[in-house]
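Here is a short tour for anyone opening this structure cold. Take a look at the sequence and the model below, and then we'll walk through them together.

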Amino acid sequence: MYIRPFDPWKAELCTCPFKYTLNVYTGCDHACVYCYITSYIPNAFRVRTKEGLLPKLERELRRFDRRHIIALSYSSDPYPTIERGLGITRSVLKLFRRYDVRCLILTKSSLFERDLDVLSELKCAVGVTVTTVDERKAKLLEPNAPSPRARIRALKKAKKAGIPVYARIDPIIPFYTWEDFDETLDALDFVDHITVSTLKLRPDSKRRMFAKFPELMERLWPLYEKGERIGGYYYLPRELRFEILREAERKVLGKGITFGSCREGYRSFPSCDGSHLVPP
């Protein structure tokens with residue numbers, strides 16, 4: 001089965017409403033230093049196609065309950081570099097259109113701009129993750145992803161096309177991306193919903209962060225040592241997390257944008273993930 005119920009990790013702090021997820025590709029070549037998929041996908045930063053995806057997916061869609069949402073995607077970005085030439089995600093979206101599927105798009109790419117003609121005919125919402133609008137920091141954190149400004153420009157075009165749009169400011173990293181939060185939020189002031197999440201580390205992403213950002217991690221890791229271990233992740237101390245989340249919430253709501261948090265044990269309204277934006 002390619003269409004699977006979310007949440008595959010059974011995370012105790014996950015507050016997502018029921019939905020399904022589909023990963024068009026295996027792996028993601030954005031190669032974000034903090035990425036969690038390397039803990040369960042072999043060669044995670046090498047993108048592979050799935051043999052026979054489209055005909056198998058169509059068979060699944062014929063009996064899919066169209067009341068539910070399919071999210072693209074949480075383990076592998078639906079718009080890796082090879083999508084520009086292969087167009088598999090675009091073909092998937094056309095199948096969604098044919099079968100009247102409700103969908104939630106999340107990406108760190110700007111390539112979805114190519115598909116606005118299809119997306120504008122779907123019951124969908126489109127979101128981008130913007131960790132920071134500081135281009136230098138973003139390139140260090142997300143070396144192969146399109147620039148934050150390119151993602152934001154594409155999202156503005158989706159908004160202009162009448163598509164509900166949302167954003168994730170994620171992960172919030174103390175001493176690093178948190179310092180840019182106001183500027184990042186200002187650049188996203190046109191979206192309908194924002195989800196935030198603090199940096200959560202697994203042993204593999206911890207090693208990469210130490211290798212890439214040794215000075216930052218010398219300051220940051222002692223905080224995690226005082227924090228919590230939840231579902232295999234190292235969390236910041238709850239008091240510090242909630243202090244950050246409260247401030248982020250205040251600023252997001254101050255822009256007239258609805259607020260969500262991801263796997264924090266904190267509040268969200270009207271949804272954590274922006275799924276409330278998908279038309280019925």
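Contact, in what follows, means heavy atoms within 4.5 Å. With that in hand, a good place to begin is Leu201, which sits in the loop between β7 (193-198) and α8 (203-212).

## Where this comes from

This is a predicted model, where local features need pLDDT of at least 70, side-chain atom pairs count only at pLDDT 80 or more, and totals for chains, interfaces and linings use all residues. Residues are numbered from 1 along each chain as its sequence is written, and side-chain values use heavy atoms, with hydrogens and water left out.

## A leucine with plenty of company

Is Leu201 buried or exposed? Leu201 is buried, at a relative accessible area of 0%; buried means under 20% relative accessible area, exposed over 50%, and partly exposed in between, using a 1.4 Å probe and protein chains only. Setting aside neighbours within four places in sequence, Leu201 is in contact with Lys206, Met209, Met217, Trp221, Tyr224, Gly232, Tyr233 and Tyr234.

For a sense of distance, try Gly127: the C-alpha atoms of Leu201 and Gly127 are separated by 23 Å, with the two residues 74 apart along the chain.

## The whole chain

Stepping back, the chain has 10 helices and 10 strands. Helices (H or I, at least four residues) and strands (E, at least two) are DSSP runs, numbered from the N terminus. The radius of gyration is 18 Å, close to the 19 Å that the globule rule gives for 280 residues, so the chain is as compact as a globular protein of that length. That radius is taken over C-alpha atoms, and the rule is 2.2 Å times the number of residues to the power 0.38. Along its principal axes, the C-alpha trace spans about 50 × 40 × 35 Å.

How much is tucked away? Of the 280 residues, 57% count as buried. Among contacts with a separation of 6 or more, residues 24 or more positions apart account for 71%. The accessible surface comes to about 12,300 Å², and 51% of it belongs to carbon and sulfur atoms; these areas come from the Shrake-Rupley method with a 1.4 Å probe, and for residues only the protein chains shown count as cover.

## A buried glutamate and its leucine partner

Glu83 lies in helix α2 (residues 83-86), and at 0% relative accessibility Glu83 counts as buried. Which residue does its side chain meet in a polar contact of 2.6 Å? That would be Tyr25, again through the side chain. A polar contact is a pair of N or O atoms within 3.5 Å; within protein, one must be able to donate a hydrogen and the other to accept it, and residues adjacent in sequence count only if both atoms are side-chain atoms. Beyond four places in sequence, the contacts of Glu83 include Pro78, Ile88, Thr89, Arg90, Leu111 and Arg114.

Leu111, from that list, is in the loop between β4 (102-107) and α4 (116-119). Leu111 is buried too, with a relative accessible area of 6%. Besides Glu83, Leu111 is in contact with Tyr79, Pro80 and Arg84, leaving aside its neighbours within four places in sequence.

## Some backbone oddities

Most residues other than glycine have a negative phi, and most peptide bonds are trans. The bond from Leu72 to Ser73 is cis, with omega near -20 degrees, and Ser73 sits in the loop between β3 (69-72) and α2. Another cis bond runs from Phe269 to Pro270, with omega near 0 degrees; Pro270 is in the segment after β10 (258-261).

As for positive phi, Asn43 has a value near 50 degrees and lies in the loop between β2 (19-21) and α1 (53-62). Phe175 has a phi near 70 degrees and is found in the loop between β6 (165-172) and α7 (181-187). At 30% relative accessibility, Phe175 counts as partly exposed.

## Toward the end of the chain

Leu277 is found in the segment after β10 and, at 17% relative accessibility, counts as buried. What does Leu277 touch, not counting residues up to four places away in sequence? Its contacts are Ala125, Pro164, Val165, Tyr166, Asp192 and His193. By contrast, the C-alpha atoms of Leu277 and Leu236 are separated by 30 Å, with their positions 41 residues apart along the chain.
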